[in-house]
Amino acid sequence: HCFGACKGDWDIYDLIMLRKKCRFRAAQKEWAEHLGVKNFKPYNGSSSCIPEPGETPAPDDPVGFVEPLKLDRKNIAMLEEAANLYNDLLMLNENRFKPIWDYLARRGIGKDAISRFNIGYAPPYSDEQHQGRALIDGFLPRFEKDHATFNAFTGAGLARLLNDHSKKGYGYYCRQIDFRRKYPFSRNYGDSLAGQIVFPIYDSNVLTTGLVGRQPGDRGIRWLKQQRREVPLSDRARLYGIEKAARHIRQYRTIILVEGIFDYFAFYNLLRDQDKPVVVSTLGSYVTPEAATILNGLDIEHFIVAYDWDELGRNGIERMVAKSGGWLY
C-alpha cells in the first residue's frame with residue numbers, strides 16, 4: 001500500500017506489469033526468473049487484479065448513486081476552471097484537433113455553440129503532448145504549493161487514480177502510470193475525462209455543477225460523468241441548458257425535455273432563431289425528484305417530452321404524462 005498521495009495497492013505482479021508494461025503471464029515469468037525457479041509453468045488464467053478494459057457501450061441513462069456527496073464551493077470553482085481550460089485547448093487548437101471539430105459539426109455544434117456553451121476537449125492518453133494529463137499538468141504548480149488544492153481537485157471528480165482496481169478498464173489505466181514523472185500527482189493520476197469532448201453542466205445561476213464527457217465515436221463507453229473515487233457525486237439535479245432556458249421557460253411557460261445533449265442542440269438551433277430556446281436535456285430518460293423541484297419553480301404549464309421512442313424513452317414519457325395529467329401522442 002502507498003501511504004503517500006497515490007493511496008494505491010499493488011502486489012508483486014502488479015508492480016512488474018506496471019514497470020515492464022507487460023501482461024500477467026509475462027510478469028509471472030519475470031518473477032520466476034528472478035527467484036531462480038526452474039521448469040516454471042505459468043498460471044493459464046488471467047490476473048484477478050488487472051482485467052482488460054471492456055468495449056461494451058454504456059446506455060445513455062442517468063447515473064443513480066447511493067448517498068451522494070454534494071459539491072462544495074471549492075469543488076465548484078475547480079469545475080469551472082477545468083471547463084475553461086478544456087475549452088481553451090479546443091478553441092486554440094482548431095487544426096490540431098480537427099477531427100473533434102469535424103465530429104461536433106456533424107452533430108450540429110459549430111464554433112459559436114462551442115464558445116457559447118464553453119465546450120472543450122480533454123486530450124487522450126495517446127496524445128504525445130498531454131498524455132491524458134492536460135488538466136493535471138495545468139494545475140500541477142498549485143498542487144506542489146498546496147496539497148489541499150489537490151484534495152479539492154479530486155473531490156470534484158476531475159482526476160482518475162490509474163491504479164484503482166475497482167474500476168472498469170483497470171488494466172488499460174495501469175499502463176498509463178508514468179514512472180518518469182517526478183510528482184505523484186501526475187505520475188499516478190490522469191484526467192478523469194481524458195479522450196472526451198467535455199460539456200460543462202450549469203445550474204440556473206450559471207454555476208458549474210458538473211462535467212459530462214462524450215467520446216468522439218460510438219465504440220466503447222460513449223458518455224462519462226465525473227465522479228469521486230471514494231464517494232459518488234450527486235448529479236441528480238443536473239439539467240443541461242437550464243441556464244440558457246430558464247428565463248424563456250418562465251416567459252412562455254413551456255418546456256421541451258429531451259434525453260441527450262446532441263438532442264438538445266438539435267432543438268436549440270431551431271428555437272434560438274425564434275428567440276424561444278425553451279429546451280432542456282435531462283441527461284437521460286428520467287426526471288429525478290431533484291430536477292423536478294427545479295422545474296416546478298419555473299411556473300411551467302406546457303410540457304413537451306421528446307425522448308427516444310425506445311423502451312426507456314417511452315417509460316420516461318409515460319411517467320411525465322402521469323405526473324402532469326397530459327396526453328400521450
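A count of salt bridges in this predicted model comes to 12. Three of these pairs are described here, along with a small network.

The side chains of R142 and E81 meet in a salt bridge, with N and O 2.7 Å apart. This pair links distant parts of the chain. R142 belongs to helix α6 and E81 to helix α3, and 61 residues separate them. R142 is partly exposed, at 34% relative accessibility. E81 is also partly exposed, at 32%.

A second salt bridge brings together the side chains of R272 and D112, at 2.9 Å from N to O. Here too, distant parts of the chain are linked. R272 sits in helix α11, which covers residues 261-273. D112 sits in helix α5, residues 111-116. The two are 160 residues apart. R272 has a relative accessibility of 35% and counts as partly exposed. D112 is partly exposed as well, with a relative accessible area of 43%.

A third salt bridge joins R181 to D137, and the closest N and O atoms are 3.1 Å apart. R181 lies in the loop between α8 (170-174) and α9, while D137 lies in helix α6, so the pair ties together parts that are 44 residues apart in sequence. The partners differ in exposure. Buried means under 20% relative accessible area, and R181, at 15%, therefore counts as buried. D137, at 27%, counts as partly exposed. Both residues belong to a network of salt bridges that links D137, D178, R180 and R181.

Helix α6 spans residues 134-145. Its buried residues are A134, L135, I136, F139, L140 and F143. Several elements help to cover these residues. Among them are the helices α3 (73-91), α7 (147-155) and α9 (184-187). The strands β2 (159-161) and β3 (189-191) also take part in the cover.

Two of these covering helices, α3 and α7, also pack on each other. Their axes are 8 Å apart and make an angle of about 80°. Angles of 65 to 115 degrees count as roughly perpendicular, and α3 and α7 are therefore roughly perpendicular to each other. On the α3 side, the contact is made by K74, N75 and M78. On the α7 side, T149, A152, F153 and G155 make the contact. The residues of this contact divide into 3 nonpolar, 3 polar and 1 charged.

Helix α3 also holds N87. Is N87 buried or exposed? N87 is buried, with a relative accessible area of 8%. Leaving aside residues up to four places away in sequence, N87 touches I114, N118, I119 and G120.

The strands offer a further view of the fold. An open sheet is formed by 3 strands in the order β8-β7-β9, with parallel pairing. The edges are held by β8 (279-281) and β9 (302-305). Each edge strand has a single partner, so one side of each is left without a neighbour in the sheet. From one strand to the next, the twist averages 25°. Strand β7, residues 254-258, is joined to β8 by 3 bridges. One bridge pairs I256 with V279 of β8. Helix α10 (residues 242-252) packs on the sheet and touches β7 and β8. The direction of α10 makes about 135° with that of β8.

Antiparallel pairing appears elsewhere. Strand β4 (residues 196-202) runs antiparallel to β5, and 6 bridges join the two. T208 of β5 is the bridge partner of Y202. β4 and β5 form a hairpin, with 5 residues between them. In the turn, V206 has a positive phi of about 60°.

Strand β5 covers residues 208-214, and 6 of its 7 residues are buried, so β5 is largely enclosed by the rest of the structure. Strand β5 also pairs with β6 (residues 223-225). This pairing is antiparallel and has 3 bridges. In β6, W223 is the bridge partner of R214.

Definitions and conventions
Residues numbered from 1 in each chain as written. Predicted model: local features only at pLDDT ≥ 70, side-chain atom pairs only at ≥ 80, totals over all residues. Heavy atoms only, no water. Buried < 20%, exposed > 50% of the residue type's maximum accessible area, 1.4 Å probe, protein only. Helix = DSSP H or I, 4+ residues; strand = E, 2+ residues; numbered from the N terminus. Contact = heavy atoms within 4.5 Å. Axes fitted to C-alpha atoms, helices over the stretch in contact; angles between N-to-C directions. Parallel < 35°, antiparallel > 145°, perpendicular 65-115°, else oblique. Nonpolar A, V, L, I, M, F, W, Y, C, P; charged D, E, K, R; others polar. Pairing = 2+ DSSP bridges. Salt bridge = Lys/Arg side-chain N within 4 Å of Asp/Glu carboxyl O.
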